[in-house]
Amino acid sequence: MILLTKHFDFEMAHALMGYPGKCRNIHGHSYKMEVTVTGEMQPDTGMVMDFKALKDLVNDIIVNKLDHALVLSDQVDHTLIETLRAHYDKIVLFPFQPSTENMLAHFATLLRPQLPSNVRLYSIRLHETDTSFAEWREE
Ligand SMILES: [Zn+2]
């Protein structure tokens with residue numbers, strides 16, 4: 001079995017609504033993400049998937065939308081959202097708390113149907129800090 005992994009970096013702010021600690025405040029992370037795929041080797045190219053194709057796909061679907069964005073749950077007060085949108089370009093609302101775990105599950109749902117037919121998503125690892133990461137894996 002061959003696993004292909006591409007590494008991504010993005011800067012994102014978020015706040016965990018109702019969280020009983022300092023993460024309820026707006027704060028940012030320098031996220032590091034590794035997307036790993038596997039699949040059938042293509043005899044004509046000698047590749048499972050072109051690294052550039054994987055990079056472009058993940059950038060399109062995830063990284064470009066979240067890099068330098070403020071990400072909040074869509075349950076946050078709508079007046080606040082309107083005020084933020086009046087002053088900032090990149091406010092992203094998710095229908096869930098923007099925790100590392102929830103974002104991973106969301107990323108997997110977005111990516112899986114976009115991969116070439118010979119390729120499947122194996123794992124996504126998302127580092128929130130140098131010492132903390134969560135990993136999604138296909139069960
Ligand atoms: Zn955080």
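In this predicted model, strand 1 (residues 3-14) runs antiparallel to strand 2 (residues 27-39), and the two are joined over 12 bridges. Two of the pairs in this ladder can be named: Phe 8 has Met 33 as its bridge partner in strand 2, and Lys 6 is matched in strand 2 with Val 35. Strand 2 also pairs with strand 5 (residues 119-127), again in the antiparallel sense, over eight bridges. Within strand 5, Val 119 stands opposite Gly 39.

These pairings belong to an open sheet of six strands, in which the order is 4-3-1-2-5-6 and the pairing is mixed. Strand 4 (91-94) and strand 6 (133-137) are the edge strands, since each of them pairs on one side only. From one strand to the next, the twist averages 35°. Helix 3 (residues 100-111) packs on this sheet, where it touches strand 4, strand 5 and strand 6, and the direction of helix 3 makes about 155° with that of strand 5. As a general background to such arrangements, the side chains of a regular strand alternate between the two faces of the sheet.

Taken as a whole, the chain contains three helices and six strands, and these elements follow one another from the N terminus in the order β-β-α-β-α-β-α-β-β. The C-alpha trace spans about 55 × 30 × 25 Å along its principal axes. Of the contacts in the chain with a separation of 6 or more, 57% are made by residues 24 or more positions apart. Of the 139 residues of the chain, 18% count as buried.

The interior can be described through the largest nonpolar core, which has 20 residues; those that touch the most other members are Val 35, Val 37, Leu 54, Leu 104, Ile 124 and Leu 126. At least two residues of this core are supplied by each of strand 2, helix 1, helix 3 and strand 5, and the largest share, five residues, comes from helix 1. In soluble globular proteins, nonpolar side chains tend to be buried together. The surroundings of one core member, Leu 126, can be listed: when residues up to four places away in sequence are not counted, Leu 126 touches Tyr 31, Met 33, Thr 100, Met 103, Leu 104, Phe 133 and Ala 134.

Helix 3, which packs on the sheet, was examined further. Helix 3 has 12 residues and reaches 16 Å from its first C-alpha to its last, a span close to the 16 Å expected at 1.5 Å a residue. The buried residues of helix 3 include Met 103, Leu 104 and Phe 107. These three lie on the same side of helix 3, because they cover an arc of only 105° around the axis. The buried residues of helix 3 pack against helix 1, strand 5 and strand 6.

Individual residues outside the core show other environments. Val 92 is found in strand 4, which is one of the edge strands of the sheet. With 15 other C-beta atoms within 10 Å, Val 92 is partly exposed, because a residue must have 20 or more such neighbours to count as buried and 12 or fewer to count as exposed. Val 92 touches Lys 65, Leu 66, Ala 69 and Val 71, not counting residues up to four places away in sequence. As for Val 71, its C-alpha lies 4.7 Å from that of Val 92, although the two residues are 21 residues apart in sequence.

His 68 lies in the loop between helix 1 (51-66) and strand 3 (69-73). The phi of His 68 is near 60°, a positive value in a residue other than glycine, whereas most residues other than glycine have a negative phi. His 68 is partly exposed, since 13 other C-beta atoms lie within 10 Å.

Thr 79, in turn, lies in helix 2 (residues 78-87). This threonine counts as exposed, because it has 8 C-beta neighbours inside 10 Å and the limit for exposure is 12 or fewer. The C-alpha atoms of Thr 79 and Leu 110 are separated by 29 Å, the two residues being 31 residues apart along the chain.

Conventions: Residues numbered from 1 in each chain as written. Predicted model: local features only at pLDDT ≥ 70, side-chain atom pairs only at ≥ 80, totals over all residues. Helix = DSSP H or I, 4+ residues; strand = E, 2+ residues; numbered from the N terminus. Pairing = 2+ DSSP bridges. Axes fitted to C-alpha atoms, helices over the stretch in contact; angles between N-to-C directions. Contact = placed C-beta atoms within 7 Å. Core = buried A, V, L, I, M, F, W, Y, C linked by C-beta atoms within 7 Å. Expected span 1.5 Å × (residues − 1). Arc of directions from axis to C-beta.
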